[in-house]
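Please look through the model shown here with its sequence alongside, and follow the paragraphs below from one region to the next.

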Amino acid sequence: MLLLNSGQTQSVDRIAAAVWPSEGPKNPENQIAICVHGIRRKFAGRGMPESLVRTDPGGYSADVAPDLVDTGRILALTATAAELDRAGLVEEAAHRYRQALALWRGPLLQGLDVPALAPESRWWAEKRVDVVEQLARLELALGRSREVLSDLTALVAEHPLRENLQRLLITALYHSGRRADALHAYFVAQRDLRAGAGIDPSSELRRLHSDILNDVTPSVLAVA
């Protein structure tokens with residue numbers, strides 16, 4: 001909680017509600033103080049000042065530079081990537097997105113059942129999908145359609161109603177010389193959208209299907 005909200009005081013009550021969502025100790029302040037002491041010792045053992053975790057009125061905070069936390073580094077890298085993308089520096093933008101993705105080692109807070117932090121976990125899961133989408137679009141623009149197929153196939157299986165992923169996968173299949181597979185992927189997308197959301201594919205997805213049927217090479221950058 002402290003690292004995800006660096007610089008912001010987390011009240012003892014909020015920390016207690018997260019650590020003990022059902023029934024906590026009679027004196028959570030003491031238990032939390034013991035935990036904070038342990039955290040400070042962990043920091044000190046890695047050569048960092050114990051003062052990184054501050055005792056504030058009513059709670060605690062962590063004063064940690066963003067580049068020392070994976071989440072902060074990811075946000076900085078993706079912001080830089082977006083700027084490079086807007087400037088037309090495709091290779092450089094793709095490189096930054098790759099660096100950001102390399103920092104993910106699994107879902108955020110994996111193994112921790114903390115309802116209070118569930119929104120944070122969902123937000124970061126969505127952020128990762130966004131980063132994969134943007135990287136796939138740029139890799140396609142760089143002619144690396146085969147390199148993105150594995151990630152896109154896996155994400156489409158997880159998010160069958162996300163049309164942008166469907167468009168990217170279909171485009172990547174076509175640019176990889178797999179026209180029949182691209183057409184099949186469209187029909188799978190159509191089926192999933194109708195079954196899962198009761199809607200037909202968007203005009204953009206239908207136009208992509210029509211282009212592939214007519215062997216009109218779809219633009220990769222237009223997929224974003």
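In this predicted model, Leu-109 is partly exposed, with a relative accessible area of 26%, because that value falls between the limit of under 20% for buried residues and that of over 50% for exposed ones. Leu-109 sits in the loop between α4 and α5, and although it is not a glycine, its phi is positive, at about 60°. A second residue of this kind is Asp-215, which is not a glycine either and has a positive phi of about 55°. Asp-215 is found in the segment after α9 (203-213), and it too is partly exposed, its relative accessible area being 46%.

Leu-109 also leads to the largest pocket, since it is listed with Met-1, Leu-2, Leu-3 and Leu-112 as lying nearest the centre of that pocket, whose lining consists of 32 residues. The space in the largest pocket comes to about 1000 Å³. Helices α1 (12-19), α2 (28-45) and α3 are the elements that each give two or more residues to this lining, and α2 gives the most, with six residues. Sorted by class, the lining of the largest pocket holds 27 nonpolar residues, together with two polar and three charged ones.

The helix that precedes the loop of Leu-109 can be followed next. Helix α4 covers residues 90-102, and its 13 residues should span 18 Å at 1.5 Å a residue, which agrees with the 18 Å that separates its end C-alpha atoms. Its buried residues are Val-90, Ala-93, Ala-94, Tyr-97, Ala-100 and Leu-101. These residues cover an arc of only 120° around the axis, and therefore they lie on the same side of α4. The spacing can be understood from the geometry of an α-helix, which has 3.6 residues a turn, so that residues three or four places apart point the same way. What covers the buried residues of α4 includes α3 (70-86) and α5 (118-141).

Helix α5 in turn leads to the second largest pocket, where it supplies seven residues, the largest share of the lining. Both α5 and α6 (145-158) supply at least two residues of that lining. About 240 Å³ of space lies in this second largest pocket, which is lined by 16 residues, with Ala-125, Arg-128, Val-129, Leu-155 and Glu-158 nearest its centre. By class, the lining of the second largest pocket is made up of nine nonpolar, three polar and four charged residues.

Key
Residues are numbered from 1 along each chain as its sequence is written. This is a predicted model: local features need pLDDT of at least 70, side-chain atom pairs count only at pLDDT 80 or more; totals for chains, interfaces and linings use all residues. Side-chain values use heavy atoms; hydrogens and water are left out. Helices (H or I, at least four residues) and strands (E, at least two) are DSSP runs, numbered from the N terminus. The expected span of a helix is 1.5 Å times one less than its number of residues. Buried means under 20% relative accessible area, exposed over 50%, partly exposed in between (1.4 Å probe, protein chains only). The arc is that of the directions from the helix axis to the C-beta atoms. Contact means heavy atoms within 4.5 Å. On a 1 Å grid over the protein atoms alone, a cavity is a set of points where a 1.4 Å probe fits but cannot get out, and a pocket is an open set with protein on both sides within 12 Å along at least five of seven lines; lining residues have an atom within 4 Å of a point. Grid points are joined across faces, edges and corners, and a volume is the space filled by probe spheres set on the points. Ala, Val, Leu, Ile, Met, Phe, Trp, Tyr, Cys and Pro count as nonpolar, Asp, Glu, Lys and Arg as charged, and the others, Gly among them, as polar.
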